[in-house]
Amino acid sequence: MEKENRRRIEEEKQNDTKVVTDSRSALFTLIILSSTLLAVMFSETMLLPAIPEIMRDFNIPYSTSAWIFSAYLIVAAVMTPIAGKLSDIYGSKKVLLTLLVLYVVGVVAGGFSNNITFLLASRVIQGLGMAAVPVAFSILRYSFPPEKLAMPVAVFSSAASGGSVVGLLVGASIIQNFGWHATFFAIAPLASIVTFVIARFVHSSDKPHQLETSEKNASSNRRAIRGRGAIRGRGAIRGRGAIRGRGSMIDIRGAIALSAAITSFLIALTFIENGDSFAENSTQIAGISFAASAASLTIFVFLEKRAEEPLINLRLLRHRVLLPSYIMMIVTGTTIFLVYPTIVQLVRSPQPVGFGGNAVDAAHIQLPFMVVFLVFSAATAYIISKLGKVKPTVFGGAISIAGAIGLLMFHSTGSLVSANLTIIAIGLALTTTTTWNLIVSSAPKEFMGISTGIGALLLSIGMAIGPALAGTYMQTFHTSIKGIAGSFPSPESYNMVFLTAAVLSAVSLACSLVLNRRLLKQEEKVAQ
């Protein structure tokens, strides 16, 4: 009996040691993977204040400059679900490293850009690397138990804000002193170091899935999803959507159709922005592009319904938690990239239509937004623990509306803009981080890569639409200043941007209220 007790005590000590070791390993993985997002956002924010210089150097209008971000984000949008599926097939770490190497190549190429075509090509390559973000999320899912996911998701999301804060300050100084090409050369070493550290020290615990499409696994998949209060009956994910191993197919046709839908839509916006100055029949081309976008989207849905292994499993879109979360993700992405580039134009446009500032001035006005976003992204895990998984999105939507309306009514000085950006940052941080937590914690584990990829896809689509929509307003509502060559966005353009941001925030609030009601009903059923 005494020997048995000693043996049990020894086993408990060993188990405790293993838990501590696993916990430390998970935290170390979190820190390294967060640096991936930090590096990516550091790069993107550094480039943002340089848009006026790029427009001047390459002699391009506002609408064309929007493609510097849109081209990057379109590729990122299409690649994210593909990367999610590849990570499910081959393992997250291999896919993550491949994407990061591509990102480094694109960043270095961007530093040598001497025309807009070459710059856009480098941005396309960088967009491939952007898909590393959802893959890193997948690794975090395997590194932490579900009940502890809120903290790593909050830390991971706050890394984006941290990178943006540093990038905003450092980028503005680099642009001011060394030119915008230097921003790419500054980020390349950091991205390379992050890639090496992940290759050397991160050990992903996920394995390539080799699920069989037997009836047994099909039933298991359906039970896994139904167990989360999700898809029932015809909405359940069937075995035909399961990943069968390394022989699995990637839905190339779906990827092409989705790319065509997004690109055609943004091309239509570009022609609307420029009117007849772009082409004599710009209106007709825009109409054809919108029609092509609708047709491509229809084809995409048709293909996905019939694909054995679709790019986006449309049945996941029927998930009672995931669907509203996905809508909030695309709306939030649009809002962020609708407002953020607009502030740069407002600050750097000459008086009286702007503040007449430089890149550093723009960075200082936007800095409170990024700092507050960083703080509240990090604090969201604590807020979720106190308010629940959904209520922070309700508060986030309401606060975002207040901030957007504040920008609409008061944006005549830099201090007013900074104050209202601070308010909207609180709302967007709460919404974004909580929504990511909902997506990560609600998705069935066997579809984690695909589900996270869909969330990142929709976020990227929103981020691609945001600058294009802002460019549309700026090109449509513009004015000239006596004694200064060229035209500049008029006050009406900024009003339209901020009004649209308020409407989008209202949509996000509505989705969060629907989601909150659904989860309350679900909890009542469980209690009964």
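**Figure 1. The largest nonpolar core and a separate smaller one.** In this predicted model, the largest nonpolar core has 138 residues, and those with the most contacts inside it are Ile54, Ile198, Leu266 and Phe369. A nonpolar core is here a set of buried Ala, Val, Leu, Ile, Met, Phe, Trp, Tyr and Cys residues joined through side-chain atoms within 4.5 Å, and buried means under 20% relative accessible area, exposed over 50% and partly exposed in between, with a 1.4 Å probe and protein chains only. Apart from the largest core lies another core of seven residues, among them Val321, Val390, Leu438 and Leu519. In soluble globular proteins, nonpolar side chains tend to be buried together. Residues are numbered from 1 along each chain as its sequence is written, and side-chain values use heavy atoms, with hydrogens and water left out. Because the model is predicted, local features need pLDDT of at least 70 and side-chain atom pairs count only at pLDDT 80 or more, whereas totals for chains, interfaces and linings use all residues.

**Figure 2. Helix α2 and the residue that follows it.** Helices (H or I, at least four residues) and strands (E, at least two) are DSSP runs, numbered from the N terminus, and the chain contains 17 helices and two strands. Helix α2 (51-58) is mostly covered, with six of its eight residues buried, namely Ile51, Pro52, Glu53, Ile54, Met55 and Phe58. Leaving aside neighbours within four places in sequence, Ile54 is in contact (heavy atoms within 4.5 Å) with Leu47, Asn59, Ile60, Ile68, Leu119 and Trp180. Asn59 is found in the loop between α2 and α3, and its phi is near 55 degrees, a positive value in a residue other than glycine. With a relative accessibility of 71%, Asn59 counts as exposed.

**Figure 3. The largest pocket and its lining.** The largest pocket holds about 450 Å³ of space. Of the 20 residues that line this pocket, the closest to its centre are Leu258, Leu297, Ile330, Leu458 and Ile461. Two or more lining residues come from each of α10 (252-274), α11 (282-306), α12 and α16, and the lining as a whole divides into 19 nonpolar residues, one polar and no charged. For these classes, Ala, Val, Leu, Ile, Met, Phe, Trp, Tyr, Cys and Pro count as nonpolar, Asp, Glu, Lys and Arg as charged, and the others, Gly among them, as polar. On a 1 Å grid over the protein atoms alone, a pocket is an open set of points with protein on both sides within 12 Å along at least five of seven lines, a cavity is a set where a 1.4 Å probe fits but cannot get out, and lining residues have an atom within 4 Å of a point. Grid points are joined across faces, edges and corners, and a volume is the space filled by probe spheres set on the points.

**Figure 4. The second largest cavity.** The structure holds five cavities of 30 Å³ or more, and the second largest of them contains about 140 Å³ of space. Its lining is made by 14 residues, of which Ile51, Ser65, Ala66, Pro341 and Gln345 lie nearest the centre. At least two lining residues are supplied by each of α3 (62-90), α12 (322-348) and α16 (448-476), and by class the lining has ten nonpolar, four polar and no charged residues.

**Figure 5. Buried polar residues in α12, α16 and α17.** Thr332, found in helix α12, is buried, with a relative accessible area of 3%. Not counting residues up to four places away in sequence, Thr332 touches Leu428, Thr431, Thr432 and Ser508. Ser508 has its place in helix α17 (residues 491-527) and, at 4% relative accessibility, counts as buried; with the same sequence neighbours excluded, Ser508 touches Met328, Val331, Thr332 and Thr431. Ser460, in helix α16, likewise counts as buried, at 3% relative accessibility. The C-alpha atoms of Ser460 and Ile74 are separated by 7.0 Å, although these residues are 386 residues apart along the chain. Beyond residues up to four places away in sequence, Ser460 touches Leu73, Ala76 and Ala77.

**Figure 6. The cis peptide bond before Pro352.** Gln351 and Pro352 are joined by a cis peptide bond, with omega about 10 degrees. Pro352 lies in the loop between α12 and α13 (359-387).
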